[in-house]
2 protein chains.
Amino acid sequence: MRVGFIGLGLMGEPMARNLAGSGIASSLILQNRTRAKAEALAAEIGAMVAQTPRAVAEQADVVITMVPDVPDVEQVYLGKDGICEVGHPGLLCTDMSTVGADCVRRIAGALAASGAGFVDAPVSGGTIGAQAGTLSIMAGGLTGSLEALRPVFQTMGGKIVHCGEAVGSGQTTKLVNQIVGALNLEAVCEGLVYAGAAGVDIEAVLEAVGAGAAGSWAWSNLGPRMVRADNAPGFKIAHQIKDLRLALEAAEAMGLSLPGLRLVLGHFEQTRDAAIGNGELGTQAMIAAVKNA
Amino acid sequence: MRVGFIGLGLMGEPMARNLAGSGIASSLILQNRTRAKAEALAAEIGAMVAQTPRAVAEQADVVITMVPDVPDVEQVYLGKDGICEVGHPGLLCTDMSTVGADCVRRIAGALAASGAGFVDAPVSGGTIGAQAGTLSIMAGGLTGSLEALRPVFQTMGGKIVHCGEAVGSGQTTKLVNQIVGALNLEAVCEGLVYAGAAGVDIEAVLEAVGAGAAGSWAWSNLGPRMVRADNAPGFKIAHQIKDLRLALEAAEAMGLSLPGLRLVLGHFEQTRDAAIGNGELGTQAMIAAVKNA
């Protein structure tokens, strides 16, 4: 199968590498806004480079897109020289960015008009998971389309979950993941702020709480970083804010209040706004906002 | 060692059974507000019964107390015919209830005046953990006192963490546990309410989110119960409210705001107030309040 890959950022580049290394693509065509980056990678992994998303779609059976935000996805699919200009029944596209269900439904609709297929397949696991090929992939779309894409996804992900036949189901699941992860982080922050103020042995607290019914990935992985004041990004605050804004907009459109989501989004925004560059810190840096709440 | 056990409720009774079964007590003296309950258990496990907490302390080297709330603990230690009336240097007491650090500091102070020792040792793990002898025990007090109590604790708990030399350290750790667990539950509720409104495959969401960086004990254990509308109590809302009120009072005394704790406490109280008997439901029933937020 001829595969195109658009968007070679911190996530896309290692994903494209793993795809190339698997050998499942008879040809691999790369495209990136900064063309030099695509050319350097193509030379290294033995791929071709295309000038535009349209040119990728003209040469590929499957096109993968992995770009930062909603306007980028819209540009790649719906913009000038975009994929939708050359949609046809033999084309199957999948967007793996986190952009919300509304955005991918619009794109799927535009592609469907030409007979092309679409699956939304956002991921979790970060750059480490992208490099290791152990991403969790949350896919929304027709079973047949997902099965056609499965060999491609398997080169990138350890866990592939089909979240529904409707396009957007993957996005919804990813945003649920972001809501839950953010509130778990609020839990860690409030617990550690309380423990710190009360003057208890913080290592003992980390051990005792993590072992039981209050345990979470966030507690075990981000709690110790908070205690060491290590704000290096596993996941950046700026990206978390983008994802939670998408979730909040969708929640509001559905008539949901979700007060915890609002609260934690506010804490992330306060952290970002406290100093230039704070949006680049890891999400665990939010504890400062909780301390000052 | 002669051991006294005061408070034979849903937690205390199985704890006393495990203690009796271990054979580490040369004699075991039970006391309970409802005396008939103590007598029935004593006949079954081969223990004695005392009329008052004071009478227990007169016959024991170690006294364990496990009662519902602050006024009960105060009555048992500081009230008429209470333990403190007969404190002496050979007596070591441990309270395993969840009553907050202030309460146990007062009791430790009253006991210390007579030379008696005290360790606060609240637990997590619920009635299932109490029956299985797998409670997590969070202990605060002098290392020597904890080591003297360790054989007793080992009959009840799978994990014993020393949270600090200061009495109250166990209580603080337990309340951190309750704050974190409650906010993890808010996370589950908001995530599932969002997923439900968006109409995604809920089983796929449970699987995908639980496997990654948004995973938690609450998600994996209480999420499925919410989906099945199974509100049977693992931990009752009324008890959760009691614990979170203790945490909030202590937080306010320390000048902390902890807005997430306030939010989730409100959701539990709304659930309790929505119908008579709702305080007896499991904490997962809170999802109704989040849905209506």
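These are my notebook entries on the contact between two chains, the salt bridges and the cysteines.

**Ground rules**

I'm working with a predicted model, where local features need pLDDT of at least 70 and side-chain atom pairs count only at pLDDT 80 or more, while totals for chains, interfaces and linings use all residues. Residues are numbered from 1 along each chain as its sequence is written, chains are lettered from A and ligands numbered from 1 in the order in which they are written, and side-chain values use heavy atoms, with hydrogens and water left out.

**Entry 1: where A touches B**

I started with the contact (heavy atoms within 4.5 Å). Chain A puts in 54 residues, and chain B puts in 54 residues. Next I looked up the buried area, which is the accessible area (1.4 Å probe) that two parts lose on being put together, summed over both. Between chain A and chain B it comes to about 4600 Å², and carbon and sulfur atoms give 72% of that.

Then I went for polar contacts. The rule wants a pair of N or O atoms within 3.5 Å; within protein, one must be able to donate a hydrogen and the other to accept it, and residues adjacent in sequence count only if both atoms are side-chain atoms. I got twelve residue pairs across the interface of chain A and chain B, both residues at pLDDT 80 or more.

Which element gives the most to the side of chain A that touches chain B? It's H8(A), with 20 residues. Helices here are DSSP runs of H or I, at least four residues, and strands are runs of E, at least two, numbered from the N terminus. I sorted that side of chain A by residue type too: 35 nonpolar, 14 polar and five charged. For the sorting, Ala, Val, Leu, Ile, Met, Phe, Trp, Tyr, Cys and Pro count as nonpolar, Asp, Glu, Lys and Arg as charged, and the others, Gly among them, as polar.

**Entry 2: salt bridges**

My rule here is a side-chain nitrogen of Lys or Arg within 4 Å of a carboxyl oxygen of Asp or Glu. I count 36 over all chains, and two between chain A and chain B. Lys159(A) and Glu207(B) form a salt bridge, at 3.2 Å from N to O.

Asp61(A) pairs with Arg2(A) at 3.1 Å, N to O. Asp61(A) sits in the loop between helix H3 (53-59) and strand S4 (62-65) of chain A and Arg2(A) in strand S1 (residues 2-6) of chain A, so the pair ties together parts that are 59 residues apart in sequence.

I also checked accessibility: buried means under 20% relative accessible area, exposed over 50%, partly exposed in between (1.4 Å probe, protein chains only). Asp61(A) is partly exposed at 25%, and Arg2(A) is partly exposed at 35%.

In chain B, I found Arg33(B) and Asp72(B) in a salt bridge at 3.1 Å, N to O. Buried or exposed, what is Arg33(B)? Arg33(B) is exposed at 70%, whereas Asp72(B) is buried at 16%.

Lys80(B) and Asp81(B) meet at 3.3 Å, N to O. Lys80(B) is exposed at 65%, and Asp81(B) is partly exposed at 25%.

**Entry 3: cysteines**

How many disulfides (cysteine sulfur atoms within 2.5 Å) does the whole structure have? I found zero over all chains. For Cys189(A), the nearest cysteine sulfur is that of Cys189(B), 19 Å away. Cys189(A) is buried at 0%. For Cys103(B), the nearest one belongs to Cys84(B), 11 Å away. Cys103(B) is buried too, at 2%.

Note on methods:
Disulfide = S-S within 2.5 Å.
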